[in-house]
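Thank you all for coming this morning. I would like to walk you through one structure slowly, taking a few residues at a time, and I will pause on the questions that I think a newcomer would ask.

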Amino acid sequence: MGRLVQEDICLLTRDADGWNLSAAVLCFPAGWTLAEKLGHHMTRIHAPVPHYDADLAKRVDRVLDGLKPGMPVWRANLHRNLDTVLFAPKREADPKGPPPPDARYLRSERQCLVKL
């Protein structure tokens with residue numbers, strides 16, 4: 001699949017505890033690494049995200065549970081960056097913080113959620 005499209009592709013599967021990142025092709029990571037996230041549940045994946053609490057995790061699970069084949073859903077992210085580099089992985093141990101005031105580039109991401 002990764003050879004057919006120039007996109008990040010993440011395969012999520014559901015078990016009794018929630019949604020897992022089971023497989024992925026990652027071309028353009030923005031602040032994360034596949035090695036640290038692969039095989040983990042969504043709550044573990046989003047542990048470094050300050051506002052990803054139990055309430056938000058329930059809402060994300062509800063959206064993912066409600067997906068229907070043939071009815072894709074999309075969402076968007078926006079990041080401020082210092083440069084235009086698309087391949088921008090960061091390990092969880094790397095220092096993070098708000099973007100510096102001189103971060104003059106906006107990175108827009110569209111995520112398409114499709115139930116197979």
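Let us begin with a single side chain: is Lys 37 buried or exposed? Please keep in mind, as we look for the answer, that what you see here is a predicted model. Lys 37 is buried, because its relative accessible area is 5%, and buried here means under 20%. As for its place in the chain, Lys 37 belongs to helix α1, which covers residues 34-37.

What, then, surrounds this lysine? If we set aside the neighbours within four places in sequence, Lys 37 is in contact with Leu 21, Trp 32, Ile 45, Pro 48 and Glu 92. Two of these partners deserve a closer look, and I will take Ile 45 before Glu 92. The side chain of Lys 37 reaches the backbone oxygen of Ile 45 at a distance of 2.8 Å.

Now to the glutamate, and here one general remark may help. Side chains of opposite charge can pair when their charged atoms come close. In our model, Lys 37 and Glu 92 meet through their side chains in a salt bridge, with 2.7 Å from N to O. Because Glu 92 lies in the loop between β3 (73-81) and β4, while Lys 37 lies in helix α1, this pair ties together parts that are 55 residues apart in sequence. Glu 92 itself counts as partly exposed, because its relative accessible area is 27%.

Which other residue forms a salt bridge with Glu 92? That residue is Arg 44, and the closest N and O atoms of this pair are 3.0 Å apart. Once again distant parts of the chain are linked, since Arg 44 sits in helix α2 (residues 42-45) and Glu 92 in the loop between β3 and β4, 48 residues apart. Arg 44 has a relative accessible area of 32%, and therefore it is partly exposed.

For contrast, let me turn to a pair within one helix. Arg 59 and Asp 55 form a salt bridge in which the closest N and O atoms are 3.5 Å apart. Because these two residues are 4 residues apart in helix α3, about one helical turn separates Arg 59 from Asp 55. Both count as partly exposed, Arg 59 because its relative accessibility is 42%, and Asp 55 because its relative accessible area is 44%. Going back to the earlier residues, Lys 37, Arg 44 and Glu 92 are joined into one network by salt bridges that share partners. How many salt bridges are there by this count? The count comes to 6.

Let us move on to the strands. Strand β1 (residues 9-15) and strand β2 (residues 18-25) run antiparallel and are joined by 7 bridges. Together β1 and β2 form a hairpin, with 2 residues between them. To see one pairing in detail, look at Leu 11, whose bridge partner in β2 is Ala 23.

Also in strand β2 we find Asn 20, which counts as buried because its relative accessibility is 10%. Which residues does Asn 20 touch, not counting those up to four places away in sequence? They are Leu 11, Leu 12, Thr 13, Asp 15, His 40 and His 41.

Leu 11 comes up once more when we look at the surface, where Leu 11, Val 114 and Leu 116 make a nonpolar patch of about 320 Å². Within that patch, Leu 116 lies in the segment after β4 (105-113), and this leucine counts as exposed because its relative accessibility is 81%.

Strand β4 itself contains Cys 112, which is partly exposed because its relative accessibility is 47%. Apart from residues up to four places away in sequence, Cys 112 touches Val 73 and Trp 74. Between the C-alpha atoms of Cys 112 and Lys 37, which are 75 residues apart along the chain, the separation is 19 Å.

My last stop is Gly 66, which is placed in helix α3 (residues 54-66). This glycine counts as partly exposed because its relative accessible area is 41%. Its C-alpha atom is separated by 9.3 Å from that of Lys 115, although Gly 66 and Lys 115 are 49 residues apart along the chain.

Note on methods: Residues numbered from 1 in each chain as written. Predicted model: local features only at pLDDT ≥ 70, side-chain atom pairs only at ≥ 80, totals over all residues. Heavy atoms only, no water. Patch = residues over 30% accessible without salt bridge, like charges linked within 9 Å, V, L, I, M, F, W, Y side chains within 5 Å. Areas by Shrake-Rupley, 256 points an atom, 1.4 Å probe, with all protein chains shown as cover. Salt bridge = Lys/Arg side-chain N within 4 Å of Asp/Glu carboxyl O. Buried < 20%, exposed > 50% of the residue type's maximum accessible area, 1.4 Å probe, protein only. Pairing = 2+ DSSP bridges. Polar contact = N/O pair within 3.5 Å; in protein donor to acceptor, adjacent residues only side chain to side chain. Contact = heavy atoms within 4.5 Å.
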